[in-house]
Amino acid sequence: MLWNRCFVPTCVIATMFTIPTLPAEDVTVPSRFSKLELGPDTTRIVGPLNKYGYPDYARALDAELAEGVGRDENFWALMWPAVGNAERSREDYLRAVEQRLNIQISREPRLMTGSQIGVAPFSANPRSELDTAATPWSRADAPELAAWLDENADNLNEVHAAALRPKAYAPLVYNSEDSVTLAAILLPHVQMQRQVARVLAARAMLRINDGDMDGAWSDITDIYRIAAHTERGFTLIEQLVGYAMRQIAQTAMVQWLAHADLSADELEARWTELKPLLPVDSLARSIEGERYLYLDTVCLMLSGRSDADAAMSLFELDAVVLATDDSLPAGEVDRTRTARQAMIKLILAGADVNETLRYGNVVYDELAAAMDQPTHGERAALLADIEQRVSENAAITKDTGELLKAYFLSGREAAQQVPARVLVGLLTPAITQCEVAQTRVQANAACLEAAFAAKSFAIEHGRLPTSLNEIINSGRPQPTDPFTGDALKFRADAESVTIYSVGRNGVDDAGQPQGNSPQADDLPTRLNLAR
């Protein structure tokens with residue numbers, strides 16, 4: 001497997017990736033780095049340059065993200081004030097964000113988390129075992145939560161206003177002027193969006209119970225809009241958080257659909273509003289941000305800006321792997337880790353920066369091309385081949401003997417590629433898993449569209465459809481499973497219909513989702529219309 005970096009919790013990004021740098025006066029750029037070639041096959045961009053002579057990727061990407069986003073149309077310019085200092089960020093970070101966006105942020109959280117008031121609006125309530133983000137509930141079921149939502153109504157109204165904005169730009173803020181690297185970018189605002197989604201879903205479920213279907217619709221569609229804004233960042237993490245929010249919205253929307261008492265025309269108008277909120281961008285866009293992170297890290301490590309021990313903090317996963325390797329006797333873990341790190345440092349010391357950059361660019365070009373394929377099957381086939389090669393690259397860092405053999409006992413050209421193979425193997429994210437997450441989002445959207453069609457059929461005919469063919473024959477398009485390209489699966493009983501994708505394994509598990517059995521991974525959308 002590739003290093004699963006894309007699933008690192010956002011709240012610890014800064015801890016894992018911030019690399020201390022030497023004061024400017026102590027920096028000595030090695031002669032090999034002075035031969036850096038600026039261009040599309042090496043550095044990708046040629047400017048702006050930082051004081052060390054290589055591209056300032058943080059500033060270049062920040063300018064790209066900010067282009068064309070005015071303050072009054074920027075989601076984050078309203079969202080940050082609405083939630084306040086939700087993640088307890090440092091004062092210097094908050095001041096930097098305020099200056100860049102021309103806003104003011106409360107130093108205390110404004111939209112408090114459920115745990116702060118002793119209830120959990122996004123998971124099973126410990127007192128009633130009621131999932132308040134997925135099931136309609138009454139004020140009597142969770143009075144503290146209901147009171148909390150009432151008290152935070154103004155804050156949630158600000159969240160709503162932010163969600164309606166058309167664009168999103170969050171400034172890239174780093175630790176200091178001497179650490180202006182993508183590896184040092186802080187993203188504390190991202191993880192909070194998942195909590196916002198859960199809170200909005202909880203209020204939507206309360207509103208459904210109270211008969212406020214318009215209010216519930218507003219809350220649920222806001223989740224989709226906020227997910228899309230979050231996904232516009234430069235990292236895979238931001239896209240994955242957006243995907244998680246879409247799952248929260250999907251569950252809530254199915255409840256809304258089950259309880260909605262609308263005419264066929266009214267339901268169609270709702271679908272017309274929702275449909276543009278469902279598509280997600282290809283991960284190819286985020287791969288470009290990951291490419292910048294790779295190139296920036298290579299330049300950081302090979303320029304002399306970081307001491308070797310600090311640079312090796314990027315490989316801490318190896319220490320975790322070693323620590324859980326039961327085959328190693330006591331005391332061998334530290335010795336093995338030290339030996340391998342020493343070997344990696346030696347190899348990197350002789351690296352050709354241009355060769356290392358070129359090798360990485362080829363891999364990222366392949367990843368982007370794979371993600372641009374139109375079907376899951378085509379994407380998965382290409383990614384499997386890339387993953388195999390990158391996994392082999394990562395494997396040589398886990399065996400000092402293999403690392404020695406690859407570097408010292410191979411031909412000159414092959415030896416020059418070893419540093420690049422090491423870094424690509426350790427820094428390339430798990431795109432295969434991210435692609436599956438993207439396809440799951442697409443499958444859920446297809447199931448939701450079919451559920452709207454089933455609801456419309458029930459309104460027009462006074463009964464549930466008994467098959468997908470009945471929906472298709474009424475003029476609806478064929479609902480397709482993006483995992484297989486075949487029709488979605490359909491099950492019906494007297495009270496409900498279940499429409500589902502067969503998921504990654506491609507096997508019809510009778511609508512059973514992950515967790516219900518060891519092999520099952522269907523993606524069911526169950527619409528209960530017995531109201």
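## A backbone detail to start with

Ala510 is partly exposed, since its relative accessible area is 33%. The backbone here deserves a look: phi of Ala510 is near 60 degrees, a positive value in a residue other than glycine. You will find Ala510 in the loop between strand E2 (496–501) and strand E3 (523–528). Please keep in mind that this is a predicted model.

Asn102 is another non-glycine residue with a positive phi, near 55 degrees. Asn102 lies in the loop that runs between helix H4 (91–101) and helix H5 (143–151), and with 55% relative accessibility it counts as exposed. For a peptide bond to inspect, try the one from Gly47 to Pro48: it is cis, with omega near 0 degrees. Pro48 sits in the loop between helix H1 (13–17) and helix H2 (57–66).

## The overall picture

Stepping back, the secondary structure of the protein comes to 20 helices and three strands. Of its 531 residues, 53% are buried. Taking contacts between residues at least 6 apart in sequence, 72% join residues at least 24 apart. The accessible surface comes to about 22,300 Å², and carbon and sulfur atoms account for 51% of that area.

## Salt bridges

The structure holds 29 salt bridges. One of them pairs the side chains of Arg358 and Glu37, at 2.5 Å from N to O. This pair links distant parts of the chain, with Arg358 in helix H15 (residues 353–371) and Glu37 in the loop between H1 and H2, 321 residues apart. Arg358 is partly exposed at 27% relative accessibility, and Glu37 is partly exposed at 39%.

Asp62 and Arg100 form a salt bridge too, their closest N and O atoms being 2.3 Å apart. Because Asp62 lies in helix H2 and Arg100 in helix H4, the pair ties together parts that are 38 residues apart in sequence. Asp62 is buried, with a relative accessible area of 12%, whereas Arg100 is partly exposed at 36%.

In the salt bridge between Asp219 and Arg203, the closest N and O atoms are 2.8 Å apart. Asp219 belongs to helix H8 (residues 213–230) and Arg203 to helix H7 (residues 188–209), 16 residues apart. Both Asp219 and Arg203 are buried. Elsewhere, Arg44, Glu288, Arg291 and Asp365 are joined into one network by salt bridges that share partners.

## A negative patch

On the surface, Asp261, Asp265, Glu266 and Glu460 form a negative patch. Glu266 is found in helix H10 (residues 264–274) and counts as partly exposed, at 43% relative accessibility.

How values were computed. Residues are numbered from 1 along each chain as its sequence is written. This is a predicted model: local features need pLDDT of at least 70, side-chain atom pairs count only at pLDDT 80 or more; totals for chains, interfaces and linings use all residues. Side-chain values use heavy atoms; hydrogens and water are left out. Patches are made of residues with over 30% relative accessible area and no salt bridge: like charges are joined within 9 Å, nonpolar side chains (Val, Leu, Ile, Met, Phe, Trp, Tyr) within 5 Å. Accessible areas come from the Shrake-Rupley method with a 1.4 Å probe; for residues, only the protein chains shown count as cover. A salt bridge is a side-chain nitrogen of Lys or Arg within 4 Å of a carboxyl oxygen of Asp or Glu. Lys and Arg count as positive and Asp and Glu as negative; His and the chain ends are not counted. The place of a charge is taken as NZ of Lys, CZ of Arg, CG of Asp or CD of Glu. Helices (H or I, at least four residues) and strands (E, at least two) are DSSP runs, numbered from the N terminus. Buried means under 20% relative accessible area, exposed over 50%, partly exposed in between (1.4 Å probe, protein chains only). Contact means heavy atoms within 4.5 Å.
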